[in-house]
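User: Please take a close look at one part of this model: the surfaces where protein and DNA meet. I would like one connected account, with the protein-protein contact as background.

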Protein chains: 2
Amino acid sequence: MARIPTTHDPFNAVAEPKRRAILEALGSAERSVNEIVELLGWPQPMVSKHLAVLKKVGLVRERREGRQRLYRVDAEKLKPIYDWVTPFERYWSESYERLDEVLSDIQKKEK
Amino acid sequence: MARIPTTHDPFNAVAEPKRRAILEALGSAERSVNEIVELLGWPQPMVSKHLAVLKKVGLVRERREGRQRLYRVDAEKLKPIYDWVTPFERYWSESYERLDEVLSDIQKKEK
DNA sequence: TTGACATATACCCATATAGGTATATAATTA
DNA sequence: TAATTATATACCTATATGGGTATATGTCAA
């Protein structure tokens, strides 16, 4: 068996940095393929192919207007990633480190 | 060119669900390979190989004790994922939806 | 030293890439 | 209808993968 297809889920789709760059370039805006091409400076087929992957996992929505195709982010499809990674946040967060400091301070005072 | 190696960064390492399962199984604990094997019920070589990937990107740390190798999560290596995905959270969060409600309420009252 | 245990690694294979280039499709305009 | 614009797709290739199985490595115990 090979690797999980990039179109299988958001985790795999977003593992490719160029696809993350596209999502960032879109932000909350709706943009045509050419706008993205100009923003990022990549060959047009490259942009189209990455958009196709993002579309297949639902990370972007496409709307046709004349000869243009307008894309926008469907951010909610990123929620599984957010939900998975968030529980780990407590291990590196500043408040967690502060908790350690507080605890060691208490121990010192108890001595 | 092919896909980015799984050992290249946390995004790619964690795109494989089995590796996420290992990180979840570890949690904040330190466990031997066999403990993970028993927890997940996978063949031992499979666990070792996935651990090798996680180790190479720094997502787990290995400590040798006798014939055992003890692994624990280095959660901070997940921070890039957290940092990347978090800005999108505002687009699906409840508070954002509430903002929409508030705005539409205001519009109704203005009529 | 020999055997048992814990873990890693070598090997094989089918598969889906990502990039590049050329071309097809679709919609508009002249 | 023909030319132009906007975008998608077909084709090629090198590459890393994940699973399975067998085996190597390393460590302890008898």
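Analyst: What follows goes through the DNA-facing surfaces, then the contact between the chains.

The model is predicted. Start with DNA strand D. It is surrounded by 27 residues. The closest are A:Ser32, A:Asn34, A:Pro45, A:Ser48 and B:Ala2. Chain A gives two or more residues from each of helix 3 (33-40), helix 4 (44-56) and strand 3 (68-73). Chain B does so from helix 4 (44-56). Helix 4 of chain A gives the most to this surface, with six residues. By residue class, the surface near DNA strand D divides into twelve nonpolar, eight polar and seven charged.

Now DNA strand C. Around DNA strand C there are 27 residues. Those that come nearest are A:Ala2, A:Gly66, B:Asn34, B:Pro45 and B:Ser48. Here helix 3 (33-40), helix 4 and strand 3 of chain B each supply at least two residues. Helix 4 of chain A also supplies at least two. Helix 4 of chain B gives the most to the surface near DNA strand C, with six residues. The residues near DNA strand C divide into twelve nonpolar, eight polar and seven charged.

Next, the relation between the two chains. A turn of 180° with a shift of 0.0 Å along the axis lays chain B on chain A, with an RMSD of 0.0 Å. The two copies are thus related as by a two-fold rotation axis.

The chains also touch each other. Their contact takes 20 residues from chain A and 20 residues from chain B. On the side of chain B that touches chain A, helix 1 (10-13) and helix 5 (79-85) of chain B each give two or more residues. Helix 5 of chain B provides the largest share of that side, five residues. The residues of that side divide into 13 nonpolar, one polar and six charged. The copies meet through the same surface, because 100% of the interface residues of chain B are also interface residues in chain A.

Finally, back to strand 3 of chain B, one of the elements that supply the surface near DNA strand C. Strand 3 (residues 68-73) of chain B pairs with strand 2 (residues 60-65) of chain B in the antiparallel sense, over six bridges. Within strand 3 of chain B, B:Tyr71 stands opposite B:Glu62. The hairpin of these two strands has two residues between the strands. In this hairpin, B:Gly66 takes a positive phi near 65°.

Note on methods: Residues numbered from 1 in each chain as written. Chains lettered and ligands numbered in written order. Predicted model: local features only at pLDDT ≥ 70, side-chain atom pairs only at ≥ 80, totals over all residues. Near = placed C-beta within 6 Å. Helix = DSSP H or I, 4+ residues; strand = E, 2+ residues; numbered from the N terminus. Nonpolar A, V, L, I, M, F, W, Y, C, P; charged D, E, K, R; others polar. Contact = placed C-beta atoms within 7 Å. Pairing = 2+ DSSP bridges. Least-squares fit on C-alpha atoms with pLDDT ≥ 70 in both.
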